[in-house]
Amino acid sequence: MSERKATLQISGQEAVEFPIMVGTHGNDVIDIRSLGGKTGLFTYDSGFLSTASCQSKVTYIDGDKGELLYRGYPIEQLAEQCNFLEVAYLLKNGELPNKAEKEAFEENIKNHTMVHDQITRFFNGFRRDAHPMAVMVGVVGALSAFYHHGEDYSKPEVRRIAFNRIIAKMPTIVAMTYKYSIGQPFMYPRNDLDYTANFMQMMFGTPCEAYKPNPVLVRALDIIFTLHADHEQNASTSTVRLAGSSGANPFATIAAGIACLWGPAHGGANEACLNMLEEIGDVSKVPEYIARAKDKNDSFKLMGFGHRVYKNFDPRAKLMRKVCYDVLTELGLENDRLFKLAMELEKIALEDPYFVEKKLYPNVDFYSGIVQKALGIPTDMFTCIFALARTVGWMTQWEEMITDPEYKIGRPRQLYIGAARRDVAPLEKR
Ligand code: CMC
């Protein structure tokens, strides 16, 4: 709390004061929890444009500066100097692991990568052409049937095991989802490989021959995971917090996060962006699509552009752009048609007054689709990769919420604008 107070003067009522809470960085907030009791009024903030839904120590974003910090560390330093599992450890525990902690954590994750054999049966219930995110919602939600009875999530050790379990199993489930869609056998995890290389062998290996991961591509995918690991109180994280606030099973809660992430305005944007590039098809068509994006009467938007929080640039996009170059160079795809098209679109949009005035810059999803496609990941699997990585953030934020002494079930209010109270007329008089 600060010495400063906010005073609210509502006509016809006495002025009321509210405390102002101060954070480490960023906007301070007016604590209005007593507003309803003091004034009989609520606030209206659909879309949460001005409302902090919680206090958090996990991630900080400065949208104007284009800064993203996990537990205080800049994303650029983490992406360069750490691997995804170190970042996962950091997010969960608040500090980076030392060498012994890192090794113990990696070893523990390896011990949880297999899924219960019954889980494999769930896949058979899905159509082979089902959207992979639909399968993910179902299968990850089903984990709650395996880890529920007797689990007391108020105990730190039970939460630690739940975290390790799901972080370890997400690559296995994502890879199984892919293998099922193409009719190939599921691949078991391999403990001689590290987290991301193992994921790639479960995705692209077959029982017929040994899979040799390419270190450049493994590193690129590992960075993609790091860049997506958490992003403050975004829609899917808020969904996880709200679902978990009732005391729901964490695995079911993560399934709710996956459902939210699927939408094209959120994690589905990388898939939508690649589909858009395919639709544009050729550099000569770029001006036509830019014009459509600016036309108020056209619902078309440039996917991969704009962000609710970043209004100068998305620091993840900068890193992803570099990863994109590295991967395409490694694979000899510098002249890839879609990449060239994307670069042209980026150039024109960055110079166009409409996009400049509205501060619409490429976001992380603009490049991540191109990288993933080059890695051999099919378009409709992109959001599953995002979900795999974001599970770290979801579980961390879920734990932060349920261990917060001020934790309450999430229950927004509303402004009711429906019919006024009325009586039901008898059937013959309606
Ligand atoms: N193309 C064209 N116009 C746009 C775009 C775009 N991609 N994004 C925003 N605008 C316009 C919008 O029409 C509005 O215009 P006006 O002020 O005339 O009504 C103005 O810019 C402000 O946009 P908004 O939709 O009110 O902003 P928002 O903060 O509510 O939405 C957004 C942010 C990300 C949903 C939106 O920019 C968008 O739909 N972008 C495309 C989808 C996308 O790439 N999403 C991925 C986000 S990054 C991944 C993640 O973190 O989940």
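Leaving aside neighbours within four places in sequence, Thr113 is in contact with Ala168, Lys169, Thr172, Pro189, Asn191 and Asn198. This residue belongs to a predicted model, and its place is in the loop between α4 and α5, the latter spanning residues 117-124. Thr113 has a relative accessible area of 8% and is therefore buried, the limit being under 20%. Its side chain also reaches back to the preceding helix region, where the backbone oxygen of Lys110 lies at 3.1 Å.

**Helix α8**

Asn198, one of the contacts of Thr113, is also one of the buried residues of helix α8. This helix comprises residues 195-204 and is mostly covered, with 9 of its 10 residues buried. The buried set consists of Tyr195, Thr196, Ala197, Asn198, Phe199, Met200, Gln201, Met202 and Met203. These residues pack against five helices: α3 (84-93), α4 (99-110), α7 (156-182), α9 (215-228) and α18 (382-402). Helix α4 thus appears in two settings: it is a packing partner of α8, and it precedes the loop that holds Thr113.

**The ligand site**

Which residues are closest to the ligand? They are His266, Lys296, Leu302, Gly304 and Arg308, within a group of 21 residues that surround the ligand. The shell divides into 8 nonpolar, 6 polar and 7 charged residues.

Three polar approaches to the ligand are set out below.

| Residue | Protein atom | Ligand atom | Distance |
|---|---|---|---|
| Ala265 | backbone N or O | nitrogen | 3.5 Å |
| Lys301 | polar side-chain atom | oxygen | 3.3 Å |
| Arg308 | polar side-chain atom | oxygen | 2.8 Å |

On its own, the ligand has 940 Å² of accessible area, and the protein covers 75% of that area. Arg308 is thus named twice, among the closest residues and as the source of a side-chain approach to a ligand oxygen at 2.8 Å. Ala265, by contrast, approaches a ligand nitrogen through a backbone atom.

**Domains**

The chain is divided into domain 1, residues 5-52, and domain 2, residues 79-408. Taken over C-alpha atoms, the centres of domain 1 and domain 2 are separated by 36 Å.

**Positive phi values**

Two residues other than glycine have a positive phi: Phe48, at about 50°, and Lys359, near 55°. Phe48 lies in the loop between α1 (35-39) and β4 (59-62). Lys359 likewise occupies a loop, the one between α16 (353-357) and α17 (364-375).

How accessible are these two positions? Phe48 has a relative accessible area of 54% and so counts as exposed, for which the limit is over 50%. Lys359, at 36% relative accessibility, counts as partly exposed, because this value falls between the limits of 20% and 50%.

**The segment after α18**

Arg411 lies in the segment that follows α18, a helix against which the buried residues of α8 pack. With a relative accessible area of 65%, Arg411 is exposed. Although Arg411 and Ser246 are 165 residues apart along the chain, their C-alpha atoms are separated by 9.8 Å.

Conventions: Residues are numbered from 1 along each chain as its sequence is written. This is a predicted model: local features need pLDDT of at least 70, side-chain atom pairs count only at pLDDT 80 or more; totals for chains, interfaces and linings use all residues. Side-chain values use heavy atoms; hydrogens and water are left out. A residue is near a molecule or strand if one of its heavy atoms lies within 4 Å of it. A polar contact is a pair of N or O atoms within 3.5 Å; within protein, one must be able to donate a hydrogen and the other to accept it, and residues adjacent in sequence count only if both atoms are side-chain atoms. Accessible areas come from the Shrake-Rupley method with a 1.4 Å probe; for residues, only the protein chains shown count as cover. Ala, Val, Leu, Ile, Met, Phe, Trp, Tyr, Cys and Pro count as nonpolar, Asp, Glu, Lys and Arg as charged, and the others, Gly among them, as polar. Domain bounds come from an automatic or database domain assignment. Buried means under 20% relative accessible area, exposed over 50%, partly exposed in between (1.4 Å probe, protein chains only). Helices (H or I, at least four residues) and strands (E, at least two) are DSSP runs, numbered from the N terminus. Contact means heavy atoms within 4.5 Å.
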